[in-house]
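Biologist: I am new to this structure and would like a close look at a single part, the open sheet in one of the chains. Please describe how it is put together and what lies against it, then place it in its surroundings.

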Number of protein chains: 2
Amino acid sequence: MLSERRLEVLRAIVQDYVGTEEPVGSKALTERHNLRVSPATVRNDMAALEDEGYIAQPHTSAGRIPTDKGYRLFVDKLAGVKPLSSPERRAIQNFLDGAVDLDDVVGRTVRLLAQLTRQVAVVQYPSLTRSTVRHVELLALAPARLMLVLITDTGRVEQRMIDCPAPIGETVLADLRARLNSRVVGQRFTEVPSLVQDLPEAFDADDRGTISAVLATLLETLVEETEERLMIGGTANLTRFGHDFPLTIRPVLEALEEQVVLLKLLGESNDSGMTVRIGHENHHEGLSSTSVVSVGYGSGDEAVAKLGVVGPTRMDYPGTMGAVRAVARYVGQILAES
Amino acid sequence: MLSERRLEVLRAIVQDYVGTEEPVGSKALTERHNLRVSPATVRNDMAALEDEGYIAQPHTSAGRIPTDKGYRLFVDKLAGVKPLSSPERRAIQNFLDGAVDLDDVVGRTVRLLAQLTRQVAVVQYPSLTRSTVRHVELLALAPARLMLVLITDTGRVEQRMIDCPAPIGETVLADLRARLNSRVVGQRFTEVPSLVQDLPEAFDADDRGTISAVLATLLETLVEETEERLMIGGTANLTRFGHDFPLTIRPVLEALEEQVVLLKLLGESNDSGMTVRIGHENHHEGLSSTSVVSVGYGSGDEAVAKLGVVGPTRMDYPGTMGAVRAVARYVGQILAES
DNA sequence: AGCTGGCACTCCTCCGCGGAGAGTGCCAGG
DNA sequence: CCTGGCACTCTCCGCGGAGGAGTGCCAGCT
C-alpha cells in the first residue's frame with residue numbers, strides 16, 4: 001500500500017504533466033506543490049511509484065510521466081469531478097435550448113462538448129432498443145407501394161419503402177394502421193415482435209400477404225436500426241495531441257471513422273455512472289494512447305444512449321468528467337421536454 | 001503564349017511532383033519523361049514557366065513545384081479525366097446497391113469516395129429546395145399536439161412538433177391532410193407557400209388557428225431545412241498530407257467541421273459540370289493548400305445536390321475527377337431507382 | 001526509521017560546423 | 001534555339017562538444 005504522501009506525489013505528477021506535457025522531475029515538483037519535503041525524499045517516492053508501475057521515465061535521467069495504471073489510480077482515488085462554473089452551466093443551457101429537432105440536439109451537443117473539453121466529442125443517437133414507439137404511420141404512395149414511418153419517443157424517425165404483393169384498399173390500410181398503433185404505441189421496441197405476431201389473422205386472406213410484408217419491414221427496421229448512430233465533432237482538437245504527430249493521430253482518426261469501434265466502446269461502459277477508459281483499457285490499437293470518458297444520458301431516469309469525449313490519456317480528467325456529466329444532464333432535460 | 005514543349009514540361013512537373021511530393025529538378029525531368037531535349041533546355045523552359053507564375057521554387061537552388069496557377073492550367077488544358085477501370089466500376093455499383101435508405105446511401109457514398117480517392121469525401125444530402133414533396137403527414141399525438149412529417153422524393157424525412165392553440169377533431173385533421181396533400185404532392189418546395197396560402201379559408205373559424213399553426217410550421221420547415229446537410233468521411237486521409245503536419249491539417253479539420261464553409265464552397269461550384277477549385281480559389285484561409293473537386297448528382301437529369309472530395313492541391317487530378325464523376329453517376333442511378 | 005544534502009553519473013538536447021549533393025543560372029559554342 | 005560546361009547557392013545530414021536536467025545512492029542528521 002502506498003503512503004499518503006506518495007499518493008500526493010502521484011497526484012502532483014499527473015497534474016503537472018497534464019499541464020506542461022513534459023516529464024516532471026523531483027525538483028520541479030517540490031517547487032510547484034508544497035509537499036513539505038525535499039527533492040531527495042520525493043525521488044525516493046518516485047522510485048517506489050515507478051516500481052509499482054504507476055509512473056515511468058521516457059529515458060534514463062528524464063522526469064517521470066504517468067502510466068495508464070497511474071492515471072487509473074488518479075481517476076479512481078485522487079481526482080474528483082470538477083463541477084462547471086455557473087456561467088458555463090448557463091451557456092450550456094442557452095446553447096442547447098435553441099435546438100429544433102433531434103438532429104439539432106445531437107449536433108449542438110457534439111459541438112458544445114467539443115468546445116468545452118477541447119477534445120473530440122462523441123454523441124450517440126438515442127437508441128431504438130431502449131426507446132418506445134410513439135407512432136407508426138403507413139402511407140400509400142402508389143396502389144401497391146407503401147411507406148412505413150416509425151417515430152420514437154425521443155423524436156427519432158425511421159422510414160422504409162414497402163413493395164406490396166397486391167394492392168391494398170384505403171379502408172384496410174386505415175384498419176391496419178389503427179390496429180398496429182393500438183398495439184405498439186408506448187411499447188418498447190423489444191416488445192413489438194410478440195405484440196404484432198398474430199395481426200394478419202384479423203384480415204382477409206387477400207390482404208395477408210401485404211400485412212405480412214408490412215410487419216416484416218417493421219421488424220427488420222427494428223433490428224437494422226438498433227445498430228446505433230453516432231455524431232462526432234471536434235476532430236480539429238486532435239492536433240493538440242502531441243509532438244509525434246502523424247503516427248499518433250492517424251490511427252485515432254481511423255478509429256473514429258469506424259463507428260463500430262466507438263459503439264462497442266460506449267456499449268461496454270457502465271450503464272449508469274460515468275466510465276473512464278484509459279489507454280490500453282480500450283483494447284484497441286489506434287486508441288491505445290487515448291482515454292474515453294463516457295456517460296449515459298436519457299429523458300428519464302434511464303439512459304437511452306451515451307455520450308462522451310475521446311482525448312489523449314494526458315487529459316484533464318476532473319474537468320473533462322465535469323463537462324461530460326453536465327452536458328449529459330442538460331441533454332436529458334432537453335429530451336424530456338420535447 | 002507558352003510553346004507546346006513548355007506545356008509538356010509543366011505537365012511533367014505536375015505529374016512528378018504529385019507522385020514524389022518533392023520539388024522536381026531539370027535532370028530528373030529529362031530522365032523520367034522522354035522530352036528529347038537536354039536538362040539545360042528544360043532549365044530555360046522552367047525559368048520561363050516561373051516568370052509566368054506557373055511554378056515556383058521553395059528556396060533557391062531547389063527543384064520547382066507547381067503553383068496554384070500551374071495546377072489550374074494543368075487541370076484546364078493538360079489533363080483529362082481518367083476513367084475508372086471496369087473492376088472499379090463494378091465495385092462501386094455493388095457497394096452502393098446494398099443501401100437501405102437515404103442515410104445509408106449517403107454514408108456508403110462517402111466511404112466509397114474516400115476509399116477510391118484516398119482523400120476526404122464530402123456528400124451533400126439531396127437538397128430540399130430542388131426536391132419535390134412526396135407526402136405530408138399529420139399525426140395527432142395528443143388532442144392539441146400534432147406531428148408534421150414531410151417526405152421528399154429523394155427519401156428524406158423531416159419532422160416537427162406542433163402545439164395547437166385548440167384541439168382539433170379527427171375528421172378535420174383528415175380533411176386537412178387530404179387537402180394539403182392534394183395541393184403539394186409532386187410540387188417543388190419553392191412552390192409550396194403560394195399553394196397553401198388560402199387553405200385556412202376552407203375551414204371553420206374554430207380550426208383556423210390550428211390550420212395556420214400547421215402551415216406556419218410547414219413553411220418554417222421548408223426554410224430552415226433548406227439549410228443543407230453534409231456527410232464527411234475519410235478524414236484519416238489528411239495524414240497523408242505532407243510533412244509540415246500540424247499547421248497544415250488543423251485549419252483543414254476546422255474548415256471541414258464548419259459545414260457552412262463547405263456548403264458555400266459546393267454551392268458556388270458549377271451546377272452541371274465538374275468543378276475544381278484549387279488552393280486560394282477556395283477563398284478560405286484554412287483551405288488555401290487544398291483543392292476541392294465537386295460535381296452535382298441527381299436522380300434525373302438535374303442535380304439535387306453535390307458531392308466531392310477535399311485534398312491537397314498536390315493531388316492526382318485526373319484520377320480524382322474520374323472517381324468523383326463515376327460515383328456521382330452511380331448515386332444518381334440509385335436515387336432514381338428508389 | 002525516515003528525511004535530507006551532497007555528489008557523481010547518465011543521457012538528452014541544443015548548437016555550430018563542414019562536407020556532400022542537388023539544382024540553378026549563365027555563358028559560349030554548335 | 002539547343003547544348004554542355006562551370007561556378008555558385010542552399011539544404012540536408014552527421015558529428016562532436018557544451019550545457020543541463022534529472023537520477024540514484026550514500027552518509028549523516030533528527
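Modeller: Start with helix α12 of chain B, residues 317-337, which lies across β8, β9 and β10 of chain B. Helix α12(B) runs at about 25° to β9(B), the strand formed by residues 290-297. This is a predicted model, and the description should be read as such.

The strands under that helix belong to an open sheet of five strands in chain B, in the order β7-β3-β10-β9-β8 and with antiparallel pairing. At the edges stand β7 (230-233) and β8 (275-278) of chain B; each has a single partner strand, so one side of each is left without a neighbour in the sheet. On average, neighbouring strands of this sheet are turned by 15° against each other, direction ignored.

Within the sheet, β3 (residues 120-124) and β10 (residues 305-312) of chain B run antiparallel and are joined by four bridges. One residue pair can be picked out on these strands: Ala121(B) has Val309(B), in β10(B), as its bridge partner. Another helix, α6 of chain B (residues 102-117), also packs on the sheet, where it touches β3, β7 and β10 of chain B. The direction of α6(B) makes about 150° with that of β3(B).

Next, the nonpolar cores. The largest nonpolar core has 126 residues, and those with the most contacts inside it are Leu113(A), Val324(A), Val327(A), Leu113(B) and Val327(B). Apart from this core lies another, of 40 residues, with Leu139(B), Leu148(B), Ile151(B) and Val157(B) among them. In soluble globular proteins, nonpolar side chains tend to be buried together. For Val327(A), the contacts beyond its neighbours within four places in sequence are Ile92(A), Thr109(A), Leu112(A), Leu113(A) and Leu307(A).

Chain B also meets chain A: 27 residues of chain A are in contact with 27 residues of chain B. On the side of chain A that touches chain B, β4 (133-142), β5 (145-152), β6 (157-163) and α10 (245-257) of chain A each supply at least two residues. The largest share of that side, seven residues, comes from α10(A). By class, the residues on that side of chain A are 13 nonpolar, six polar and eight charged.

Finally, there is DNA strand D, with 21 residues around it, of which Gly25(A), Val37(B), Ser38(B), Thr41(B) and Ser61(B) come nearest. At least two residues of the surface near DNA strand D come from each of α2 (26-32) and α3 (39-52) of chain A and α3 (39-51) of chain B. α3(A) gives the largest share, four residues. This surface has eight nonpolar, 10 polar and three charged residues.

How values were computed. Residues are numbered from 1 along each chain as its sequence is written. Chains are lettered from A and ligands numbered from 1 in the order in which they are written. This is a predicted model: local features need pLDDT of at least 70, side-chain atom pairs count only at pLDDT 80 or more; totals for chains, interfaces and linings use all residues. A nonpolar core is a set of buried Ala, Val, Leu, Ile, Met, Phe, Trp, Tyr and Cys residues joined through C-beta atoms within 7 Å. A residue is buried if 20 or more other C-beta atoms lie within 10 Å of its own, exposed if 12 or fewer, and partly exposed in between; C-beta atoms are placed from the backbone. Two residues are in contact if their C-beta atoms, placed from the backbone, lie within 7 Å. A residue is near a molecule or strand if its C-beta atom, placed from the backbone, lies within 6 Å of it. Ala, Val, Leu, Ile, Met, Phe, Trp, Tyr, Cys and Pro count as nonpolar, Asp, Glu, Lys and Arg as charged, and the others, Gly among them, as polar. Two strands pair if DSSP finds at least two bridges between them. Axes are lines fitted to C-alpha atoms, for helices over the stretch in contact, and angles run from 0 to 180 degrees between N-to-C directions.
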